[in-house]
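Reader: I would like a close look at one part of this model: its charged pairs. Please go through them one by one, then carry on to the other local details that can be described.

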Amino acid sequence: ALISKVGSLRKELADSLSACRVLVVGAGGIGCELLKNLVLTGFKNIEVIDLDIIDVSNLNRQFLFQKKHVGKSKAQVAKESVLQFCPTANITAYHDSIMNPEYNVEFFRNFMLVMNALDNRAARNHVNRMCLAADIPLIESGTAGYLGQVTVIKKGLTECYECQPKPTQKTFPGCTIRNTPSEPIHCIVWAKYLFNDKEWSFDPHDNDNFNLHLSQLFGEEDADQEVSPDTADPELSWNPADTEARATASDQDGDIKRVSTKDWARSTGYDAVKLFNKLFKDDIQYLLTMDKLWKKRKAPLPLDWLEIQKLGKILEVTGTGLKDQQVLGVAGYSQLFSRSVETLRSMLADKGDGAELVWDKDDPPAMDFVTAAANLRMHIFSMNMKSRFDIKSMAGNIIPAIATTNAVIAGLIVLEALKILSGDVEQCRTIFLNKQPNPRKKLLVPCALDPPSANCYVCASKPEVTVKLNVHNTLVLALQDKILKEKFGMVAPDVQIEDGKGTILISSEEGETEANNSKFLSDFGIRHGSRLQVDDFLQDYTLLVNVIHCEDLEKDVEFEVVGDAPDKAPTPPSAQEDKNVANGNKDSAEPSTSSKAPAEQDDVLIVDSDEEEPSSSTMDVRMESGGHKRKLHDAETGEASAKRQRLDQPLAADEEDDDIIALD
């Protein structure tokens, strides 16, 4: 019998495509390619949502956007551009966050299929839960440089996005940032804090009783982003008052004791020379008085503005090629620091009294400031300085996004979507796009989907977790924000204590339980063995939390999830590893699926294989080039994981590589 076709598709499938409603979450690098693919394949009813607006930096790969669109809604412009490919398509665009309450379970049930093209873990977690609650298939995807991945999530059939625990975002101890930086990334974080950027994770030490404050210069002041010398450093065992008397820091204009840097800087008219000497001379001299820090480390070398001007009339430049890829000498970065401070001062003045600036990697004066300040600090602590290009990549938590990677991944998403709409979910695969061919000469590696994890705290039949904390020190607000929202990805949790009374500890209704926020868990009778029922009605999600009281948690650790993955899994023995940087980027992802070597097929595109099977074992991937093993890292956090290859574990960089940083 002849098979009726519409184009390259069977007529039944083509009719299904034109009738079904699909949701695309994200209209960025992958989203642009995906929307174009969908309408050209025959999808007619598409809804797309994205909160972002178009930036100049998007134009090199997000081809639906042009220079005239900068500052406009990504979702709306993507819709208008895609309609030029297929004017008969019915596309609805939302310039909004998918995490808003109006996009509830009923909203998701309007679709036959959801496709993620997101750039952050929180949104991925949320969409995962909404699709599970609505019982709608989800295609998850992501790219990181030349690496990419597509996987399918179906309730009851496959692992969900959260089945496998992921390493937490990398944080940096406050004393390392402020006292003993050892990697360029530490200096870059310090420079961003100095400007004031709140996107970095930071592990501050309590320094409330010490009055030498260097807060942020141009943005909102935040005590948790302190950058001046940290006298609470655990390596120290000396009396700050005694050492302060020995410090050689100036008592003149550069001295900012007992006042914030922002106030002091204003009083000096943001004098670049005084700022320079304070940051790179006085504070460093103060650090040198902390003798214990330098017994096993090379001591920092203070910089003096006048000395640099005398010795640095000829600017030293290393590196060839584009200006942004050159490394200036100390004199060059001193001048760049001065110019950037003057420019930022003018920007503040133009905005009026009480104004604040927000750091943006695409804002040249802000980027100049961070580049100069970070490099000067690197020089002080005997590190090789970095080009503006390198610092922008690290400070912006990005690796260069590759348009062709996005295009390949978007194509694979559509192929998996066709399987789902054909009723062949069992034939769906997780597909990895690798940077180099594997031993079987394949760039695209398919693997069978794993079944749901019985221990998953999201998709198990009765989700349950055990949390270890100190009930006498843990505030209700910390339970809500740090544990339930940040760790477990809830949006609006309600918490009831299983104490026989049904005591409501936290309510998502505004004003009902806010008085509880400043109280400790023990104030409500919560103790070792207590159980909390947590509901998120938006996500249609219930979680049972078992509390274990513990008084000997590690320093600066507020809680632990029992059985959770460690921040850094043990590294399997391996040969010398390749140095491939795997920072995060705006199109990164980490769906939870396993990988397996593909079947022996010669086709570049592999979507089926008789030899595929799930694999839950720890796995190394041997690349043909040199036969070296490479660790598997989390594309979002840069941390190694002990499970198996997936995009949240791209081929790793060496642990000592200065450029590995956290995503987001």
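Author: A salt bridge here is a side-chain nitrogen of Lys or Arg within 4 Å of a carboxyl oxygen of Asp or Glu. Keep in mind that this is a predicted model. By that rule, the structure holds 18 salt bridges. The general idea is simple. Side chains of opposite charge can pair when their charged atoms come close.

Start with arginine 10 and glutamate 12. Their side chains meet in a salt bridge, with 3.9 Å from N to O. The cut-off is 4 Å, so the pair counts. How accessible are the two partners? Arginine 10 is partly exposed, at a relative accessible area of 35%. Glutamate 12 is exposed, at 54%. The limit for exposed is over 50%.

Next comes lysine 281. It forms a salt bridge with aspartate 304, and their closest N and O atoms are 3.0 Å apart. This pair links distant parts of the chain, its two residues being 23 residues apart. Lysine 281 sits in helix α10, which covers residues 272-288. Aspartate 304 sits in the loop between α10 and α11, the latter being residues 305-311. Lysine 281 counts as partly exposed, with 25% relative accessibility.

Now take a strand-to-strand pair. Arginine 531 forms a salt bridge with glutamate 464, with 3.8 Å between the closest N and O atoms. Arginine 531 lies in strand β16 (residues 531-536) and glutamate 464 in strand β13 (residues 464-469), so the bridge ties together parts that are 67 residues apart in sequence. Both partners fall in the middle class of accessibility. Arginine 531 is partly exposed at 32%. Glutamate 464 is partly exposed at 40%.

Salt bridges can also join up. Asp324, Asp368 and Arg388 are linked in a network of them.

Not every charged residue to look at here is described through a salt bridge. Glutamate 307 lies in helix α11. At 40% relative accessibility, it counts as partly exposed. The C-alpha atoms of glutamate 307 and alanine 331 are separated by 9.8 Å, and the two residues are 24 apart along the chain.

Glutamate 159 turns up in a polar contact. Its side chain meets the side chain of glutamine 164 at 2.7 Å. Where is glutamine 164 found? It is in the loop between β8 (147-153) and α6 (174-178). Glutamine 164 is buried, with a relative accessible area of 15%. The limit for buried is under 20%.

The loop between β8 and α6 also holds cysteine 163. That brings in the record. The UniProt entry is unreviewed, and its "binding site" annotation covers Cys160, Cys163, Cys456 and Cys459. These four span 300 residues in sequence, yet no two of their C-alpha atoms are more than 8.4 Å apart, so they gather at one spot.

Two of these cysteines can be placed in more detail. Cysteine 163 is buried, with a relative accessible area of 5%. Cysteine 456 lies in the loop between β12 (444-448) and β13. Cysteine 456 is buried too, at 2% relative accessibility. What does cysteine 456 contact, leaving aside its neighbours within four places in sequence? Its contacts are Cys160, Glu162, Cys163 and Pro463. Cys160 and Cys163 are under the "binding site" annotation in the record.

How many disulfides does the structure hold? Zero. A disulfide would need a pair of cysteine sulfur atoms within 2.5 Å.

Two further cysteines are worth a look. Cysteine 86 counts as buried at 9% relative accessibility. Cysteine 32 is buried at 0%.

Cysteine 32 leads to helix α2. This helix covers residues 29-41, which makes 13 residues. From its first C-alpha to its last, α2 reaches 19 Å, close to the 18 Å expected at 1.5 Å a residue. Eleven of the 13 residues of α2 are buried, so the helix is largely enclosed by the rest of the structure. Among the buried residues are Cys32 and two with charged side-chain names on the list, Glu33 and Lys36. Gly29, Ile30, Gly31, Leu34, Leu35, Asn37, Leu38 and Val39 are also buried. After α2 comes glycine 42, with a positive phi near 125 degrees.

Technical notes
Residues numbered from 1 in each chain as written. Predicted model: local features only at pLDDT ≥ 70, side-chain atom pairs only at ≥ 80, totals over all residues. Heavy atoms only, no water. Buried < 20%, exposed > 50% of the residue type's maximum accessible area, 1.4 Å probe, protein only. Helix = DSSP H or I, 4+ residues; strand = E, 2+ residues; numbered from the N terminus. Polar contact = N/O pair within 3.5 Å; in protein donor to acceptor, adjacent residues only side chain to side chain. UniProt positions renumbered as here; feature names shortened; annotations may be inferred. Contact = heavy atoms within 4.5 Å. Expected span 1.5 Å × (residues − 1).
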